[in-house]
Amino acid sequence: MNDAVIAIDIGGTGLKCALVDVATGAIRHSERHPTGADRGPERVAEAIAEVASGLADRARADDLTPKAVGLVAPGVIDEAAGVAVWSANVGFRDVPLRDLVAKRLGLPAVLAHDVRAGALAEARLGAGRDAGRVWFVAIGTGIAAAYVRDGRTDSGAHGASGELGHVVVRPDGPLCACGQRGCVESFGSAAAVARRYADRSGHAVTADEVVVRAASGDADASAVWHEAINALADGLRIGITLYDPDAIIVGGGLAEAGPALLDPLEAAVRRRLTFQTMPLLVRAKLGDEAGCLGAAQLAIDMVAAT
Ligand SMILES: [Zn+2]
């Protein structure tokens, strides 16, 4: 019987779940469930434990021995304590999710931040496979990042490392939900692109549509997209200056724009660099499975350490 780990990526709308073979790293089974965040944090935590328990049963039925559980969630995660401190999308506040699941299944568990786990997966298995130092930048509704060196991330002293979205690039800019003004996220996130276009044009469309309209000559869309690219480039310049990475891997929903994002972004970053070396700027490879695969990697690490 092969050993397997249970991986669950907890998102605002869905749970992405997988059974991953410890020896080969291959996904043996995957399933998705609604998060049901409106049920409240206790019921959601209970449902996650239930899903994990079902996956452990499924593993045994498939001649796999479940060895550990990897959980990842958005927001502020105290990885050392295994507590989801604050996840706005899921409704978690100080939920001791790791121990809750570990107790229910009788298996060791690990809880980590979804973007850091996704970064780990991209660095080990995806677009960063050949790079020793990878900076993963997820541009979606919000913006977060994680630096991976030799297949390891660091959550920071307080679980709050990598908040690229809240790096200030326009000190006189709009007030951000975080309390600062002119954060990268206020211009460069998918939510900001859609909001700023709606404010200018009066049309409520998705960020993807703004990108399409910018390419076809819509002046409002072009202006908003240009500001987004410039704010993102200012943020990336700071990261390049601090980390000197081999590669920057761009993931998240906005990365689906592909060359419409990466080409102008690369040019804008290059224009800003003087002494720094331009790293490879590439699109993430694992798509929306990165978080789940990262959760599995963390669980596999835990099995290997015991
Ligand atoms: Zn902010």
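**Exercise 1. The second largest pocket**

Find out how much space the second largest pocket of this predicted model has, and which residues line it.

*Solution.* Start with the volume: the second largest pocket has about 210 Å³. Next, look at its lining, which is made up of 16 residues; E79, A112, L120, T153 and L298 are the closest to the pocket's centre. Then ask which elements each supply at least two lining residues. These are β8 (109-113), α3 (114-125), β11 (152-153) and α9 (290-305). Finally, sort the lining by class: 6 residues are nonpolar, 4 are polar and 6 are charged.

**Exercise 2. The zinc ion**

Name the protein donors of the zinc ion and work out the geometry of the site.

*Solution.* First, list the donor atoms: ND1 of H166, and the SG atoms of C176, C178 and C183. They lie 2.0 to 2.4 Å from the zinc ion. Second, check the angles among the 4 donor atoms, which run from 103 to 125°. Four donors count as tetrahedral if all angles lie between 85 and 135 degrees, so the site of the zinc ion is tetrahedral. For comparison, the ideal angle for four tetrahedral donors is 109.5 degrees. Third, read the spacing of the donor residues along the sequence: H-x9-C-x1-C-x4-C.

Now take two of these donors, C176 and C178: is each one buried or partly exposed? The cut-off for buried is under 20% relative accessible area. C176 counts as buried because its relative accessibility is 11%. C178, with a relative accessible area of 37%, is partly exposed.

**Exercise 3. A polar contact in a helix**

Locate N230, decide whether this residue is buried or exposed, and find a partner of its side chain.

*Solution.* Begin with the place: N230 sits in helix α7, which covers residues 219-243. Next comes accessibility: the relative accessible area of N230 is 16%, so this residue is buried. Last, follow the side chain of N230 to the side chain of R272, with which it makes a polar contact at 3.2 Å.

**Exercise 4. Positive phi values**

Where do D63 and D244 lie, and what are their phi values?

*Solution.* Take D63 to begin with: this residue is in the loop between α1 and β4 (64-73). Its phi is positive, about 65°, although D63 is not a glycine. Move on to D244, in the loop between α7 and β12 (247-251). Phi of D244 is also positive, near 50°, and this residue too is other than glycine. To finish, note that D244 is partly exposed, because its relative accessible area is 49%.

**Exercise 5. Sequence and space**

For the pairs P41 and V95, A127 and I248, and I77 and S186, set the separation in sequence beside the C-alpha to C-alpha distance.

*Solution.* Pair one: P41 is in helix α1 (residues 41-61) and is partly exposed at 30% relative accessibility. P41 and V95 are 54 residues apart in sequence, with 7.6 Å between their C-alpha atoms.

Pair two: A127 lies in the loop between α3 and β9 (133-139) and is partly exposed, at 24% relative accessible area. Between A127 and I248 there are 9.3 Å in space, C-alpha to C-alpha, and the two are 121 residues apart in sequence.

Pair three: I77 belongs to strand β5 (residues 76-78) and counts as buried, at 0% relative accessibility. I77 and S186 are 109 residues apart in sequence, and their C-alpha atoms are 23 Å apart.

Key. Residues numbered from 1 in each chain as written. Predicted model: local features only at pLDDT ≥ 70, side-chain atom pairs only at ≥ 80, totals over all residues. Heavy atoms only, no water. 1 Å grid on protein atoms, 1.4 Å probe; cavity = no way out; pocket = protein on both sides within 12 Å on 5 of 7 lines; lining within 4 Å. Points joined across faces, edges and corners; volume = space filled by probe spheres on them. Helix = DSSP H or I, 4+ residues; strand = E, 2+ residues; numbered from the N terminus. Nonpolar A, V, L, I, M, F, W, Y, C, P; charged D, E, K, R; others polar. Donors = N, O, S within 2.8 Å, 3.2 Å for Na, K, Ca; no water. Tetrahedral: all angles 85-135°; square planar, octahedral: opposite > 155°, others 65-115°. Buried < 20%, exposed > 50% of the residue type's maximum accessible area, 1.4 Å probe, protein only. Polar contact = N/O pair within 3.5 Å; in protein donor to acceptor, adjacent residues only side chain to side chain.
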